[in-house]
Amino acid sequence: MSDPEDKDHEEVPEGMVRKTRKVRKKRRGSHSTEEGRAQADTLFSKGKNLLVGMEEENDDFGHVDVAEQIRRLKKGKEDDRPLDEVWGTKKRSSSWLWIVLVGIIVLVMATIVGVTRWLSQDAGPRLGNSSLNGGIESVGSVEDIDLGEGPLGWFHEDSIQVLADVRKVIAKINEAEDRESLGELLRASSKRREGDLNPALWGSECLTNATSHFRWQPSVVRMGSRVGEGERGFLQITGTRIDGAPYEAYFVKEDGRVKLDWDATIGWSEMNFSELLEQKPRREVFLRCRVTKKASFDQDFGDVNYSGYVISGEDGEDFTLAYLPLDSETKKTMDRGLRLLLNYGSFVTDQPPHQNQKATLRVRYNAEIGKDGVFEIVEFLHDGWVSP
């Protein structure tokens, strides 16, 4: 047998060329080998994870058919991440869900506690948002507050203590069971009768905490037709009762103490509105009422012009027309005061006239006016129901 190397050196016949075909074996380096192994491990890991997920799904839902397996394989190609890295197993997903829910609940509870504590702290006096009784002079901004010896000096000297006293008075009236229990909590009144001090007129318990919309408004009232002859500073308190109904109360400073103006709070009058309409008194009657005006209410009786108003009780169920004769400068001044209270005919603002504003009047029934007689406004005492 000849040596293969000798064949390579055999002489080639003249005119012919030896062609040698060399076959090179493709070699794999160490790097490509490791890469291949990594790819294989990755595919194996994917397959393992997929099978684990399929087994867990089978535990919960039974056999997985071929179509479902193909769908999962396609999904595995779209997302190279193992299923465990996305959400993990169902048990792991549920754990994270509970952790998130507990965190949200704790956050909400902490927020509620913080807001409640913040609302329960009264950091000094606040001006309320409740509407005033028409033209009563109100203190609506810091620039308007008079810290001197004016009618509201008693409030501005120590507003925090005044409001604390107001809360105490309201709490005691809530618990009162008879007239004697009211005692020195109320402002004195020369007009009020003994039977008018009935705790039942107070209604359900009035709340004064921060969540009951407790608000206050310092104001000054002056006599409507006798400017300069009398004025008084008072607090208008608003809030809600324990049954959810709103309430409005008035407080003044008398004999060095903060007291409830019972008459103004319950709307005391010499006659309630139903009695007024039934009896039609010819004498003058002190009346706390609500007032509204329209142009169609004005009338002429004989040679005298009358400015007409609708007056009503607190609930608005009983009402009647009442006329103010414009036969003197005094009566015309009263009419201007009522119009100002109602913002009627004012060119200063473009707001519509106010309706059902509180006012204190003296009225009587005048049978000599008109065919069957009318109620006449004898005197406009002042805006609102707190008397100077």
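This is a short walk through a predicted model of one protein, from its overall make-up to a few single residues.

Let me start with the whole chain. The protein has 388 residues, of which 34% count as buried, and its secondary structure consists of eleven helices and eleven strands. If we take the contacts between residues with a separation of 6 or more, 58% of them join residues that are 24 or more positions apart. The exposed surface comes to about 25,400 Å², and carbon and sulfur atoms supply 52% of that area.

Before going further, I would like to say how far the model can be trusted. The average pLDDT of the protein is 76, and 63% of the residues score at least 70. Over residues 19-23 the pLDDT stays under 50, and there the model has zero contacts beyond four places in sequence. Residues 25-32 also stay under 50, with one contact beyond four places in sequence. Where pLDDT is low, predicted coordinates should not be read in detail.

Now to the inside of the protein. Which residues touch the most other members of the largest nonpolar core? This core has 25 residues, and the ones in question are Val166, Ile173, Leu186, Leu235, Ile237, Phe251 and Leu260. At least two residues of the core come from each of the helices α6 (153-157) and α7 (159-175), and likewise from each of the strands β3 (231-240), β4 (246-254) and β5 (257-260). Helix α7 gives the most, with six residues. If you would like one residue to follow on the screen, take leucine 260, which, leaving aside residues up to four places away in sequence, touches Val169, Ile173, Leu185, Leu186, Arg187, Trp202, Ala249, Tyr250, Phe251 and Thr265. Apart from this core lies another one, of 23 residues, and among them are Leu324, Leu341, Val363 and Phe375.

Staying with strand β3 for a moment, we find glycine 239 there. Is this glycine buried or exposed? Its relative accessible area is 7%, and because buried means under 20%, glycine 239 counts as buried. Not counting residues up to four places away in sequence, glycine 239 touches Ser212, His213, Phe214, Ala245, Pro246 and Tyr247. Glycine 239 and tryptophan 216 are 23 residues apart in sequence, while their C-alpha atoms are 8.9 Å apart in space.

Let us turn to the surface. Leu97, Trp98, Val100, Leu101, Val102, Ile104, Val106, Val108 and Ile112 form a nonpolar patch, and together they have about 860 Å² of accessible area. One of them, leucine 101, is found in helix α5, which covers residues 90-120. Leucine 101 has a relative accessible area of 38%, so it is described as partly exposed.

Finally, I would point to two residues with a positive phi, neither of which is a glycine. Aspartate 255 sits in the loop between β4 and β5, and its phi is about 55°. With a relative accessible area of 66%, aspartate 255 is exposed. Lysine 280 has a phi near 50° and lies in the loop between α10 (273-279) and β6 (285-292). Lysine 280 is partly exposed, with a relative accessible area of 38%.

Technical notes:
Residues numbered from 1 in each chain as written. Predicted model: local features only at pLDDT ≥ 70, side-chain atom pairs only at ≥ 80, totals over all residues. Heavy atoms only, no water. Core = buried A, V, L, I, M, F, W, Y, C linked by side-chain atoms within 4.5 Å. Buried < 20%, exposed > 50% of the residue type's maximum accessible area, 1.4 Å probe, protein only. Helix = DSSP H or I, 4+ residues; strand = E, 2+ residues; numbered from the N terminus. Contact = heavy atoms within 4.5 Å. Areas by Shrake-Rupley, 256 points an atom, 1.4 Å probe, with all protein chains shown as cover. pLDDT = per-residue confidence, 0-100. Patch = residues over 30% accessible without salt bridge, like charges linked within 9 Å, V, L, I, M, F, W, Y side chains within 5 Å. Salt bridge = Lys/Arg side-chain N within 4 Å of Asp/Glu carboxyl O.
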